[in-house]
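Here's a quick briefing to read alongside the model. Have the structure open and follow along, topic by topic.

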Amino acid sequence: MSPSNAFGSVLRRVSAAAATVSAITAGSTRTLSRRTLITTSYETTVRRYINISTLCPLHQTAILSQGANMEQRKPFTADFFFRQLFDEQSHTYSYLLADIASKEAILIDPVLEQATRDAKLIEELGFTLKFALNTHMHADHVTGTGYLKQLLPGTLSVISKNSGAKADRHLVDNETVKFGRHELRALCTPGHTNGCMTFVVEEQGCAFTGDTLLIRGCGRTDFQEGDSRTLYRSVHDRIFTLPDNFRLFPAHDYKGNMETTVAEEKRYNPRLTKDIEAFVELMGNLNLPYPKMIDKAVPANRECGLFDIPKES
Ligand SMILES: [Fe+2]
């Protein structure tokens with residue numbers, strides 16, 4: 001069917017549906033058949049799409065999905081526990097993952113002020129916290145790893161070797177961290193800081209990108225060891241090469257978004273869809289204010305992966 005014929009067909013169906021709606025409004029429900037209801041619902045849907053397409057709405061949805069390279073969702077396995085947690089002060093997401101069978105858990109990017117909340121949740125769920133990991137040495141909040149080691153004895157702190165921070169365990173590129181039968185793989189994704197890592201759980205089709213890649217954004221590159229050219233390469237070489245349907249979970253969001261996918265960011269990230277020179281120029285001209293917490297957070301985070309830091313009262 002040619003586009004003009006398709007458009008005519010849509011208009012005829014919309015007109016028929018409109019006539020049916022008129023009849024119902026006039027009190028004539030005699031013709032209210034199953035087909036009519038479908039047609040009326042069809043009219044609503046067509047109106048939503050008619051400005052951008054002459055194709056039927058289902059076909060339109062399919063095309064939009066193809067545009068973002070959406071592939072089938074990969075569900076979590078039944079024995080994989082996932083919980084996204086939020087700190088409203090620093091807009092930080094922490095992630096509690098666990099093997100439901102063995103009860104071994106890990107916590108990614110915990111926040112000091114939320115450590116008692118997290119410890120309580122872990123105890124309520126009957127989990128044993130094996131590792132408290134940081135994707136990088138944060139500048140906007142103090143990590144909860146030190147305090148969690150005090151609250152949940154036996155917990156080990158983990159961060160990348162390149163971070164320069166103290167911890168019980170230091171990760172190098174492609175090293176794996178196991179919890180029960182599950183494991184994550186740590187990829188070096190520097191650029192926001194030298195020690196930034198992205199944690200990938202292949203089997204579950206998800207990755208935790210820290211500040212390297214945010215939803216429709218990325219971490220700033222104008223402090224610590226920030227380097228925009230390096231960050232661009234990290235995202236394109238290590239994160240955008242993951243399968244399109246992988247779900248991505250960042251360390252922060254400031255607009256209420258909770259997760260994204262590789263396909264979405266490859267298509268819609270306003271920064272990382274630029275070429276590298278345009279990206280470097282953009283990142284060099286953000287003129288962001290000096291981070292409020294950096295003078296407190298970075299020195300503490302350099303140490304507290306290893307030492308207990310009780311919450312201030
Ligand atoms: Fe950061």
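Among contacts in the protein chain between residues at least 6 apart in sequence, what percentage join residues at least 24 apart? It comes to 64%. Keep in mind that this is a predicted model. The protein chain has 313 residues, 41% of them buried, and its secondary structure adds up to nine helices and 12 strands.

**The six-stranded sheet**

- Go along the open sheet and you pass six strands in the order E1-E2-E3-E4-E5-E6, with mixed pairing.
- The edges belong to strand E1 (80-87) and strand E6 (169-171); each has a single partner strand, so one side of each has no neighbour in the sheet.
- From one strand to the next, the twist averages 25 degrees.
- Strands E2 (residues 92-99) and E3 (residues 104-108) run antiparallel and are joined by four bridges.
- If you want to look at a pair from E2 and E3, take Tyr 95, whose bridge partner in E3 is Ile 108.
- Helix H4 (residues 115-124) lies across E1, E2, E3 and strand E4 (128-133). Relative to E2, helix H4 runs at about 20 degrees.

**The nonpolar core**

- The largest nonpolar core holds 68 residues. The members that touch the most others are Ala 105, Ile 106, Leu 133, Leu 148, Phe 199 and Ala 207.
- Strand E2 supplies the largest share of this core, with five residues.
- Leu 148 is a handy one to click on: setting aside neighbours within four places in sequence, its contacts are Leu 107, Pro 110, Ala 115, Asp 118, Ala 119, Leu 129, Ala 132 and Thr 155.

**Helix H6 and what packs over it**

- Helix H6 (residues 228-239) is 12 residues long and spans 15 Å from its first C-alpha to its last, close to the 16 Å expected at 1.5 Å a residue.
- Which residues of H6 are buried? They are Ser 228, Leu 231, Tyr 232, Ser 234, Val 235, Arg 238 and Ile 239.
- One general point to hold against that list: an α-helix has 3.6 residues a turn, so residues three or four places apart point the same way.
- The cover over the buried residues of H6 includes three strands, E8 (182-188), E9 (197-201) and E10 (206-210), along with helix H7 (262-268) and helix H8 (276-284).
- Is Glu 277 buried or exposed? This residue of helix H8 is exposed, because there are just 10 other C-beta atoms within 10 Å, and the cut-off for exposed is 12 or fewer.
- Glu 277 and Ser 228 are 49 residues apart along the chain, and their C-alpha atoms are separated by 9.7 Å.

**Two positive phi values to check**

- Asn 174 isn't a glycine, but has a positive phi of about 75 degrees. You'll find Asn 174 in the loop between E6 and strand E7 (176-179).
- Asn 174 counts as exposed because it has 10 C-beta neighbours inside 10 Å.
- Arg 216, also a residue other than glycine, has a positive phi near 60 degrees. Look for Arg 216 in the loop between E10 and H6.
- Why does Arg 216 count as partly exposed? Arg 216 has 16 C-beta neighbours inside 10 Å, which puts the residue in between the cut-offs of 12 or fewer for exposed and 20 or more for buried.

How values were computed. Residues are numbered from 1 along each chain as its sequence is written. This is a predicted model: local features need pLDDT of at least 70, side-chain atom pairs count only at pLDDT 80 or more; totals for chains, interfaces and linings use all residues. Two strands pair if DSSP finds at least two bridges between them. Axes are lines fitted to C-alpha atoms, for helices over the stretch in contact, and angles run from 0 to 180 degrees between N-to-C directions. Two residues are in contact if their C-beta atoms, placed from the backbone, lie within 7 Å. The expected span of a helix is 1.5 Å times one less than its number of residues. A nonpolar core is a set of buried Ala, Val, Leu, Ile, Met, Phe, Trp, Tyr and Cys residues joined through C-beta atoms within 7 Å.
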